[in-house]
Amino acid sequence: MVQRQMDVDVLISGHTHEFRTYAYEDKLLVNPGSATGAYSSKEASTTPSFCLFDVDSTKATIYTYKLKDGEVKKEKMFFEKRA
C-alpha cells in the first residue's frame with residue numbers, strides 16, 4: 001500500500017529484522033533484515049543480513065549477504081522495470 005501511495009518501483013523497508021523480498025505487479029519490496037541479527041518479535045533467532053544495491057536506470061541488482069553457520073553467504077537478485 002505504501003509503495004503504491006509513494007509511486008515507487010522499489011521500496012526498501014525494515015522493521016521486522018528478517019530478510020525478505022517480494023515482487024508484485026512489476027514492483028519490488030525489500031526488507032534487508034538486520035546486519036547485527038538484532039532481536040525479531042517473530043523469530044527466536046534472527047540471521048544477520050544486509051543488502052547492497054547496484055542500480056542502473058531501469059535495472060537493479062540486489063546483493064544479499066547472510067551469516068549462516070559462521071560463513072557469509074552471498075545471493076544475487078535482479079529486478080528490471082518493464083517499459
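# Salt bridges, core and surface at a glance

Lys73 and Glu71 pair up in a salt bridge, with their closest N and O atoms 3.6 Å apart. That's one contact in a predicted model, and a search of the whole structure turns up six salt bridges. Below is a quick tour of some of those bridges, then the nonpolar core, a surface patch, one aromatic pair and a proline in a loop.

**The Lys73–Glu71 bridge**

- Lys73 has a relative accessibility of 37%, so it counts as partly exposed.
- Glu71 is partly exposed too, at 48% relative accessible area.

**Asp9, Lys27 and the network**

- Lys27 reaches Asp9 in another salt bridge, and here the closest N and O atoms sit 3.5 Å apart.
- This pair ties together distant parts of the chain: Lys27 belongs to strand β3, while Asp9 is in the loop between α1 (2-6) and β1, 18 residues apart.
- Asp9 comes out as partly exposed, its relative accessible area being 26%.
- The story doesn't stop at two residues, as Asp9, Lys27 and Lys81 are linked in a network of salt bridges.

**Asp26 and Arg82**

- The side chains of Asp26 and Arg82 also make a salt bridge, at 3.7 Å from N to O.
- Again distant parts of the chain are joined: Asp26 lies in the loop between β2 (19-24) and β3, Arg82 in the segment after β6 (71-80), and 56 residues separate them.
- The two partners fall into separate accessibility classes: Asp26, at 25% relative accessibility, is partly exposed, whereas Arg82, at 63%, is exposed.

**The nonpolar core**

- Seven residues make up the largest nonpolar core: Phe19, Leu28, Val30, Cys51, Ala60, Ile62 and Phe79.
- Strands β3 (27-32) and β5 are the elements that give two or more residues to this core.
- Leu28 is a handy residue to click on: setting aside residues up to four places away in sequence, it touches Gln3, Asp9, Val10, Leu11, Tyr22, Ala23, Ile62, Met77 and Phe79.
- Two of those contacts, Ile62 and Phe79, are fellow members of the core, and Asp9 is the residue that bridges to Lys27.

**A nonpolar patch on the surface**

- Val10, Ile12, Phe53 and Val55 form a nonpolar patch on the surface, and together they have about 320 Å² of accessible area.
- The elements giving two or more residues to the patch are β1 (10-12) and β4.
- Ile12 sits in strand β1, and with a relative accessible area of 48% it's partly exposed.

**The aromatic pair**

- The count of aromatic pairs comes to one.
- Phe50 and Tyr65 have ring centres 5.0 Å apart and planes at 15°, so the pair is stacked: the cut-off for stacking is under 30 degrees.
- Phe50 is in strand β4 (residues 49-56) and Tyr65 in strand β5 (residues 59-68), which puts them 15 residues apart in distant parts of the chain.
- Phe50 is partly exposed, at 38% relative accessible area.

**Pro48 in its loop**

- Pro48 is found in the loop between β3 and β4.
- Its contacts, leaving out neighbours within four places in sequence, are Ser34, Ala35, Thr36, Gly37, Tyr65, Lys66 and Leu67.
- Tyr65 therefore shows up twice here, touching Pro48 and stacking with Phe50.
- The C-alpha atoms of Pro48 and Pro32 are 9.6 Å apart, and the two residues are 16 places apart along the chain.

Terms used. Residues numbered from 1 in each chain as written. Predicted model: local features only at pLDDT ≥ 70, side-chain atom pairs only at ≥ 80, totals over all residues. Heavy atoms only, no water. Phe/Tyr/Trp six-rings, centres within 6.5 Å; stacked < 30°, edge-to-face > 60°. Helix = DSSP H or I, 4+ residues; strand = E, 2+ residues; numbered from the N terminus. Buried < 20%, exposed > 50% of the residue type's maximum accessible area, 1.4 Å probe, protein only. Patch = residues over 30% accessible without salt bridge, like charges linked within 9 Å, V, L, I, M, F, W, Y side chains within 5 Å. Areas by Shrake-Rupley, 256 points an atom, 1.4 Å probe, with all protein chains shown as cover. Salt bridge = Lys/Arg side-chain N within 4 Å of Asp/Glu carboxyl O. Core = buried A, V, L, I, M, F, W, Y, C linked by side-chain atoms within 4.5 Å. Contact = heavy atoms within 4.5 Å.
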